[in-house]
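Biologist: Please show me the chain. I would like to ask how each label on it is earned.

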Amino acid sequence: MDGILIDDALLDRLRDRWPQFHESAYVFVLGALHYVISGLDTPRHISGRELAEGVRDLALERFGPMARTVLEHWGIRTTDNVGDVVFALVEVGVLIKQDEDGPEDFHEVYSFDEAFG
């Protein structure tokens, strides 16, 4: 998606450490990050809320009424899971975070029932 590549060794590390997420979840979240940043006037750090909303918007744009099903198939069932994917990518060095960033930034940003209902 969007030309984002994660090498096989990195995917192996992600799968071993966080087997609850399909490798497509990582690629999609990175794609959502690109989607959000590309919509800004000038690139900047984005918040957990902004990224969670970007995941929702991109999923609806790409998958329409199947968005929730696709995300759940990849292991993303809540916005907290989006944060888990983000911080897995931080831990393996794909993304960086600012000191004030934390998993709680993704806590219950929206309900999947409401977002994808």
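**Labels and their reasons**

Modeller: Gly117 has a relative accessible area of 95%, so Gly117 is exposed. This residue sits in the segment after α6. Keep in mind that the model is predicted.

Biologist: What makes 95% enough for Gly117 to be exposed?

Modeller: Exposed means over 50% relative accessible area. Gly117 has 95%, and therefore Gly117 is exposed. As for its place in space, the C-alpha atoms of Gly117 and Pro65 are separated by 8.5 Å, while along the chain these residues are 52 apart.

Biologist: Why does Glu108 count as exposed?

Modeller: The relative accessibility of Glu108 is 59%, and the cut-off is over 50%, so Glu108 counts as exposed. Glu108 belongs to the loop between α5 and α6, and that last helix covers 112-116. Glu108 also has a positive phi of about 45 degrees, although it is not a glycine.

Biologist: Asp105 is in the loop between α5 and α6. Why does Asp105 count as partly exposed?

Modeller: Buried needs under 20%, exposed needs over 50%, and partly exposed is in between. Asp105 has 29% relative accessibility, so Asp105 counts as partly exposed.

Biologist: Which residues is Asp105 in contact with, leaving aside its neighbours within four places in sequence?

Modeller: They are Gly48, Arg49 and Glu100. Contact here means heavy atoms within 4.5 Å. For Asp105 and Gly48, the C-alpha to C-alpha distance is 5.0 Å, and the two are 57 residues apart in sequence.

Biologist: Now helix α2, where Tyr26 is found. How do you know whether Tyr26 is buried or exposed?

Modeller: The relative accessible area of Tyr26 is 0%, and buried means under 20%, so Tyr26 is buried. Not counting residues up to four places away in sequence, Tyr26 touches Ile6, Leu14, Trp18, Phe21, Val85, Ala88 and Leu89. Pro43 is 17 residues from Tyr26 in sequence, and their C-alpha atoms are 21 Å apart in space.

Biologist: Leu30 also lies in helix α2. Why does Leu30 count as buried at 9%?

Modeller: The 9% relative accessibility of Leu30 is under 20%, so Leu30 counts as buried. Between the C-alpha atoms of Leu30 and Arg77 there are 17 Å, with 47 residues separating the two along the chain.

Biologist: What makes Asn81 count as buried?

Modeller: Asn81 has 15% relative accessibility, under the 20% cut-off, and therefore Asn81 counts as buried. The residue has its place in helix α5. Beyond four places in sequence, Asn81 touches Phe21, Gly75 and Ile76.

Biologist: What share of the chain counts as buried?

Modeller: Of the 117 residues, 43% count as buried. The accessible surface of the chain comes to about 6,600 Å², and carbon and sulfur atoms hold 49% of that surface.

Biologist: How many helices and strands does the chain have?

Modeller: There are 6 helices and 0 strands. The pattern along the sequence is α-α-α-α-α-α.

Biologist: Why is the chain called as compact as a globular protein of that length?

Modeller: The radius of gyration is 13 Å, and the globule rule gives 13 Å for 117 residues; the two values are close, so the chain is as compact as a globular protein of that length. Along the principal axes, the C-alpha atoms fill a box of roughly 35 × 30 × 30 Å. Among contacts between residues at least 6 apart in sequence, 68% join residues at least 24 apart.

Biologist: What is the volume of the largest pocket, and which residues lie nearest its centre?

Modeller: The volume is about 260 Å³. The lining has 17 residues, and those nearest the centre are His45, Ile46, Val86, Ile96 and Asp101. Helices α2 (23-38), α3 (48-63) and α5 (79-91) are the elements that give two or more residues to this lining. The largest share, 3 residues, comes from α5.

Biologist: How does the lining of the largest pocket divide by class?

Modeller: The lining has 10 nonpolar, 3 polar and 4 charged residues. Val86 and Ile96 are among the residues nearest the centre, and Val and Ile count as nonpolar. Asp101 is there too, and Asp counts as charged.

Methods: Residues are numbered from 1 along each chain as its sequence is written. This is a predicted model: local features need pLDDT of at least 70, side-chain atom pairs count only at pLDDT 80 or more; totals for chains, interfaces and linings use all residues. Side-chain values use heavy atoms; hydrogens and water are left out. On a 1 Å grid over the protein atoms alone, a cavity is a set of points where a 1.4 Å probe fits but cannot get out, and a pocket is an open set with protein on both sides within 12 Å along at least five of seven lines; lining residues have an atom within 4 Å of a point. Grid points are joined across faces, edges and corners, and a volume is the space filled by probe spheres set on the points. Helices (H or I, at least four residues) and strands (E, at least two) are DSSP runs, numbered from the N terminus. The radius of gyration is taken over C-alpha atoms; the globule rule is 2.2 Å times the number of residues to the power 0.38. Buried means under 20% relative accessible area, exposed over 50%, partly exposed in between (1.4 Å probe, protein chains only). Accessible areas come from the Shrake-Rupley method with a 1.4 Å probe; for residues, only the protein chains shown count as cover.
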